[in-house]
2 protein chains.
Amino acid sequence: MAAQNGKDLAGDAEAVLEAIIYLYTEGRRITKELARKAELTGPQLAVIKGLEQIGKLSLTELSERIRAQNSTVTGIIDRMEREGLVVRERSTEDRRVIQIRLTEKGAAIAREIPVEPMEVFQEALGILSPAETRDLLRILTKVANRVRERTEPGPRPKGNQEP
Amino acid sequence: MAAQNGKDLAGDAEAVLEAIIYLYTEGRRITKELARKAELTGPQLAVIKGLEQIGKLSLTELSERIRAQNSTVTGIIDRMEREGLVVRERSTEDRRVIQIRLTEKGAAIAREIPVEPMEVFQEALGILSPAETRDLLRILTKVANRVRERTEPGPRPKGNQEP
DNA sequence: GCGGTTTATTTCGCGTACGAAACTTCCTTG
DNA sequence: CAAGGAAGTTTCGTACGCGAAATAAACCGC
């Protein structure tokens with residue numbers, strides 16, 4: 001451990017990491033809990049809410065939206081199709097692409113779940129003053145850009161899991 | 001989308017979320033990449049580094065350390081034991097508990113991997129001024145506490161995945 | 001010292017999550 | 001228009017990750 005004297009930057013850095021991990025995992029947990037009420041999983045809720053907004057998405061578009069690999073989303077859609085929540089339709093213009101849309105059953109469930117999972121955070125961020133919010137954004141962006149620079153050289157996969 | 005006029009708090013909030021998600025997933029990616037050089041997975045690296053520091057840990061202690069459920073860690077240790085990286089030893093004082101420690105092979109690999117995965121972040125945070133770091137910590141803590149208050153009523157599971 | 005509760009770990013079933021390889025369709029270029 | 005490459009999706013194998021139930025040992029009160 002470093003010295004504890006109010007200038008303990010390493011300790012602060014660690015605490016910042018802790019906070020980020022906490023916020024992220026808590027977000028996942030909230031999404032999951034919200035989903036469970038409708039007998040869904042976290043990623044499935046994300047899919048349903050995405051499709052509700054946009055109407056119809058190709059598998060790749062959906063993958064980008066929920067930040068997961070195509071091969072992962074294939075499995076998620078398999079299970080949702082099995083449950084009758086969505087259907088796959090092959091596009092007529094480009095027969096390589098699969099369009100995914102909600103069934104009536106899927107749309108009904110989407111309507112039942114009122115809020116976006118993120119809204120808990122929007123609300124939590126709401127207690128900050130506008131200046132604090134912008135400071136937070138500015139500093140986080142600075143750090144993120146630094147990490148990005150540091151790791152950009154070399155290809156990067158695109159994501160992992162639910163929002 | 002809301003109006004884009006510099007007072008777009010909802011947009012700022014969303015950007016903050018994006019940044020948090022980016023930093024978290026990037027952290028996982030870096031850990032994974034670091035681990036891959038030693039033919040390990042992310043969680044396995046976390047286990048090895050934990051055991052290197054402490055020497056010997058019960059399964060439950062290890063679970064807390066890497067923020068995962070016991071049932072998850074059982075599987076991780078199974079695979080690592082199969083690879084000869086760690087061994088299980090039943091405690092003599094309390095025969096319910098399993099102590100896990102590195103084999104010589106595991107210890108050698110731990111020595112080969114120089115840095116903690118977190119160090120990339122420590123470095124990224126290093127470009128902030130001390131004031132910025134403390135602002136960041138203060139604001140994040142405020143948000144985290146707010147989320148905590150909002151969700152505390154009701155039991156919470158303890159974690160999910162690698163650091 | 002016996003029955004009941006608590007604690008530590010494992011087992012089981014399911015759902016992500018990823019990367020590499022296979023497949024199909026589309027597009028380019030000679 | 002044929003060959004080759006690129007793009008969209010699926011398949012396969014492996015590793016988490018969780019919660020509920022099972023198992024085993026320790027503890028507690030009487």
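Guide: Before we start, contact here means heavy atoms within 4.5 Å, and the structure above is a predicted model.

Visitor: Okay, how many residues does each chain bring to the contact?

Guide: The contact draws on 53 residues of chain A and 53 residues of chain B.

Visitor: And why do the copies meet through the same surface?

Guide: Of the interface residues of chain B, 100% are also interface residues in chain A, so the copies meet through the same surface.

Visitor: What turn lays chain B on chain A?

Guide: A turn of 180°, with a shift of 0.1 Å along the axis, lays chain B on chain A with an RMSD of 0.2 Å, and that is the relation of a two-fold axis.

Visitor: How much area do the two chains bury between them?

Guide: Chain B and chain A bury about 5,900 Å² between them, and 71% of that area lies on carbon and sulfur atoms.

Visitor: What about charges, how many salt bridges are there between chain B and chain A?

Guide: There are 8 salt bridges between the two chains; one of the pairs joined in this way is Glu123(B) with Arg146(A), whose closest N and O atoms are 3.0 Å apart. Counting residue pairs in polar contact between chain B and chain A, with both residues at pLDDT 80 or more, gives 9.

Visitor: Which helices of chain B supply the side that touches chain A?

Guide: Helix H1 (9-36), helix H6 (119-125) and helix H7 (130-151) of chain B each supply at least two residues of that side, and the largest share, 20 residues, comes from H1(B). Sorted by class, the side of chain B that touches chain A holds 29 nonpolar, 17 charged and 7 polar residues.

Visitor: Switching topic, what pLDDT does chain A average?

Guide: Chain A averages a pLDDT of 85, with 85% of the residues scoring at least 70.

Visitor: Where does the pLDDT of chain A fall below 50?

Guide: One such stretch is residues 153-163 of chain A, which nevertheless has 34 contacts in the model beyond near neighbours in sequence. Residues 1-6 of chain A also stay under 50, and for them the model has 3 contacts beyond four places in sequence.

Methods. Residues numbered from 1 in each chain as written. Chains lettered and ligands numbered in written order. Predicted model: local features only at pLDDT ≥ 70, side-chain atom pairs only at ≥ 80, totals over all residues. Heavy atoms only, no water. Buried area = accessible area lost by both parts, 1.4 Å probe. Salt bridge = Lys/Arg side-chain N within 4 Å of Asp/Glu carboxyl O. Polar contact = N/O pair within 3.5 Å; in protein donor to acceptor, adjacent residues only side chain to side chain. Helix = DSSP H or I, 4+ residues; strand = E, 2+ residues; numbered from the N terminus. Nonpolar A, V, L, I, M, F, W, Y, C, P; charged D, E, K, R; others polar. Least-squares fit on C-alpha atoms with pLDDT ≥ 70 in both. pLDDT = per-residue confidence, 0-100.
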